[in-house]
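Visitor: I would like to go through this model with you, one question at a time. Could you show it to me before we begin?

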Amino acid sequence: MTVIVTESLSKRFPRVTALDRLSVDVGPGVTGLVGANGAGKSTLIKILLGLSPASEGRAEVLGLDVATEGAAIRERVGYMPEHDCLPPDVSATEFVVHMARMSGLPATAARERTADTLRHVGLYEERYRPIGGYSTGMKQRVKLAQALVHDPQLVFLDEPTNGLDPVGRDEMLGLIRRIHTDFGISVLVTSHLLGELERTCDHVVVVDGGKLLRSSSTREFTQTTTTLAIEVTDSDEHPDGTRAVREALAARGLDTHDGSGLPGAGRILLLTAEGEETYDVVRDVVADLGLGLVRMEQRRHHISEVFHDGADHANAPAAGHAQHAAADHAHHPKEAAGHGG
Ligand SMILES: Nc1ncnc2c1ncn2[C@@H]1O[C@H](COP(=O)(O)OP(=O)(O)OP(=O)(O)O)[C@@H](O)[C@H]1O
């Protein structure tokens, strides 16, 4: 089953091509839409909601054509916009009831759904206070609640973790996950932080400069590679065990490189496994030297690496954006800690 499908979708503004022949299929579940600032994520969401016409190509959301059935799409889809767009003088309850009524719910149902939804996103007593006094995290929760209040089949969340501290981020990511597990609502969530989508999404779509860089399941993104990480002990005979193993492997035609940048760098050797026999060669070499094998494991890919891979394929224009996104990723201390491990 397909929730969203786009075929050669383009959006050109006078000075910039925001989307460039984007063709992608999105299934049910939680899907991350990743890209640097300006990659075209918000533009795509507006086209999918039928709020902004595409310059070329076509798209369907829940089987409905975005060009002609925008109103029907918006009945079935919730939207959490990126920017702060909340009225400061009303309470969360008043605002969300209003949005529920706008979606066509009768007054009583709107009040009940509002109470349930605000509780679900973690707003309790505060919901009666004016929104102007809320923290960023509380405002994000109000925006999320208004996207969910009319019980949509699908929600578009545009940068829902923007402006949140690491704890707030984790809470928001947990909420997003539960939108799907508790209610069966499919989610399209955008972010320029790659690491957080790796933890939250079933599927990830990467866009760069309006073009599709990659679309695959999170599992495929992070699947084990054929890179082996090896760590060995030292001995009296070989006080630098790592070096001894490196030389012995080189003598058998296996090149290694050091794991610089990885935790424990200096003691870790990385090599590409050519097949099962590589494992045997490593074990033999380590045993012959009389050293202990502390670990030998396959290294996992991280989503951020797709940017480096993708930039290689997509050539120069994409690379600038890609590095920007990857750099954002590295600047977030939590993400950086998980990077490359
Ligand atoms: N209404 C508009 N008129 C002209 N250019 C626009 C308009 N909306 C977006 N753009 C441009 O299109 C490109 C894609 O913008 P878009 O907002 O879709 O990116 P994004 O990936 O959502 O990034 P961000 O997270 O910063 O919003 C940018 O270069 C932006 O300046």
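**The sheet, the helices and the ligand shell**

Visitor: Which residue is the bridge partner of Ile-4 in β4?
Guide: Strands here are DSSP runs (E, at least two residues; helices are H or I, at least four), numbered from the N terminus, and two strands pair if DSSP finds at least two bridges between them. This is a predicted model, in which local features need pLDDT of at least 70 and side-chain atom pairs count only at pLDDT 80 or more, while totals for chains, interfaces and linings use all residues. Residues are numbered from 1 along each chain as its sequence is written. In β4, the residue bridged to Ile-4 is Val-61.

Visitor: How many bridges join β1 and β4, and in which sense do they pair?
Guide: One position in this pairing is Val-5, which stands opposite Glu-60 of β4. Taken over strand β1 (residues 4-12) and strand β4 (residues 56-61), the pairing is antiparallel and the number of bridges is five.

Visitor: Which residue in the hairpin of β4 and β5 takes a positive phi?
Guide: β4 pairs with strand β5 (residues 64-65) in the antiparallel sense over two bridges, and Glu-60 faces Asp-65 of β5 there. Two residues lie between the strands of this hairpin, and the one with a positive phi, near 50°, is Leu-62.

Visitor: Which strands stand at the edges of the sheet?
Guide: Four strands form an open antiparallel sheet, in the order β2-β1-β4-β5. Two of them have a single partner strand each, so one side of each is left without a neighbour in the sheet, and these edge strands are β2 (17-26) and β5.

Visitor: How are α3 and α4 oriented to each other?
Guide: Axes are lines fitted to C-alpha atoms, for helices over the stretch in contact, with angles from 0 to 180 degrees between N-to-C directions. Helix α3 (residues 92-102) and helix α4 (residues 107-120) pack at about 130°, their axes 9 Å apart. Angles under 35 degrees count as roughly parallel, over 145 as roughly antiparallel, 65 to 115 as roughly perpendicular and the rest as oblique. The orientation of α3 and α4 is therefore oblique.

Visitor: Which element gives the most to the shell around the ligand?
Guide: A residue is near the ligand if its C-beta atom, placed from the backbone, lies within 6 Å of it. Of the 13 residues around the ligand, those that come nearest are Phe-13, Ala-18, Asn-37, Ser-42 and Thr-43. With three residues, the element that gives the most to this shell is α1.
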